[in-house]
Amino acid sequence: MIRTLRLFAPLRRSRSLLATLLGWQSLRRSRRALTFLDPRLMADAGIDPREAMQETERPFWDAPAHWFDRPGH
C-alpha cells in the first residue's frame, strides 16, 4: 500500500502545480479585466477606482494565501 502511494506522489504534486498555474492565470485575467471596467460599473460594484488600479499593478503571483487554501486539497 505504501509503495503504491509513493508511485502516485508525483501525480499529486503535478496536479497541485497545475492548479497553482491555473489560479495565477485566472488572477492575471481578473486583474487585467479591471483595467477595462467602466468607472460607473466600478461604483455600482462598490469598487474604488484607485484601489482597482493598485490591484492591477500587482504581479500575478501576488495573492493572499487564503485565496488558494481549500479544505480537502
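The questions and answers below go through a predicted model of one protein chain.

User: How many helices and how many strands are in the protein chain?
Analyst: This is a predicted model. Along the sequence, the chain reads α-α-α. That pattern matches the count of 3 helices and 0 strands.

User: What is the mean pLDDT of the protein chain, and where is confidence lowest and highest?
Analyst: Of the residues in the chain, 70% reach a pLDDT of 70 or more. The mean pLDDT for the chain is 78. Confidence is lowest in H1, with a mean of 74, and highest in helix H2 (residues 39–45), at 91.

User: Why does the pLDDT matter for reading the predicted coordinates?
Analyst: Confidence sets how far the coordinates can be trusted in detail. The predicted coordinates should not be read in detail where pLDDT is low.

User: Which residues does UniProt list for "domain: YjiS-like", and how much of that span is helix?
Analyst: The UniProt record, an unreviewed entry, places this domain at residues 17–51. The end C-alpha atoms of that span are 30 Å apart. Strand makes up 0% of residues 17–51, and helix makes up 83%.

User: What share of the residues of the protein chain count as buried?
Analyst: The accessible surface of the chain comes to about 6500 Å². Carbon and sulfur atoms hold 60% of that surface. Of the 73 residues, the share that count as buried is 12%.

User: What share of the contacts with a separation of 6 or more comes from residues 24 or more positions apart?
Analyst: Take the contacts in the protein chain with a separation of 6 or more. Residues 24 or more positions apart account for 53%.

User: Is Arg31 buried or exposed?
Analyst: Arg31 sits in helix H1, residues 2–35. Its relative accessibility is 4%. Buried means under 20%. Arg31 therefore counts as buried.

User: Which residue offers a backbone oxygen to the side chain of Arg31?
Analyst: The Arg31 side chain reaches a backbone oxygen at 2.6 Å. That oxygen belongs to Pro59.

User: Which residue forms a salt bridge with Arg31, and in which helix does it lie?
Analyst: Arg31 has a salt bridge whose closest N and O atoms are 2.8 Å apart, and the partner is Glu55. The pair links distant parts of the chain, 24 residues apart, with Arg31 in helix H1. Both Arg31 and Glu55 are buried. Glu55 lies in helix H3, residues 49–56.

User: Why can side chains of opposite charge pair?
Analyst: Distance between the charged atoms is the point. Opposite charges can pair because their charged atoms come close.

User: Which residues are joined into one network by salt bridges that share partners?
Analyst: By the rule used here, the count is 5 salt bridges. One of these joins Arg58 and Glu55, at 3.1 Å from N to O. Arg58 is partly exposed, with a relative accessible area of 28%. Through shared partners, the network takes in Arg31, Glu55, Arg58 and Asp62.

User: What is the N to O distance in the salt bridge of Asp38 and Arg40?
Analyst: Asp38 is partly exposed, at 27% relative accessibility. Arg40 is exposed, at 64%. Their side chains meet in a salt bridge with an N to O distance of 3.0 Å.

User: Is Trp61 buried or exposed, and how far apart in space are Trp61 and Leu27?
Analyst: Trp61 lies in the segment after H3. Exposed means over 50%, so Trp61 counts as exposed at 52%. Trp61 and Leu27 are 34 residues apart in sequence. In space, C-alpha to C-alpha, they are 8.1 Å apart.

User: Which residues does Met53 touch, not counting residues up to four places away in sequence?
Analyst: Met53 lies in helix H3. At 34% relative accessibility, Met53 counts as partly exposed. Its C-alpha atom is 9.8 Å from that of Arg32, 21 residues away along the chain. With residues up to four places away left out, Met53 touches Leu34, Thr35 and Met42.

User: What distance separates the C-alpha atoms of Gly23 and Phe60?
Analyst: Gly23 lies in helix H1. Gly23 is buried, with a relative accessible area of 17%. Gly23 and Phe60 are 37 residues apart along the chain. Their C-alpha atoms are separated by 9.2 Å.

Methods:
Residues numbered from 1 in each chain as written. Predicted model: local features only at pLDDT ≥ 70, side-chain atom pairs only at ≥ 80, totals over all residues. Heavy atoms only, no water. UniProt positions renumbered as here; feature names shortened; annotations may be inferred. Helix = DSSP H or I, 4+ residues; strand = E, 2+ residues; numbered from the N terminus. Buried < 20%, exposed > 50% of the residue type's maximum accessible area, 1.4 Å probe, protein only. Polar contact = N/O pair within 3.5 Å; in protein donor to acceptor, adjacent residues only side chain to side chain. Contact = heavy atoms within 4.5 Å. Areas by Shrake-Rupley, 256 points an atom, 1.4 Å probe, with all protein chains shown as cover. Salt bridge = Lys/Arg side-chain N within 4 Å of Asp/Glu carboxyl O. pLDDT = per-residue confidence, 0-100.
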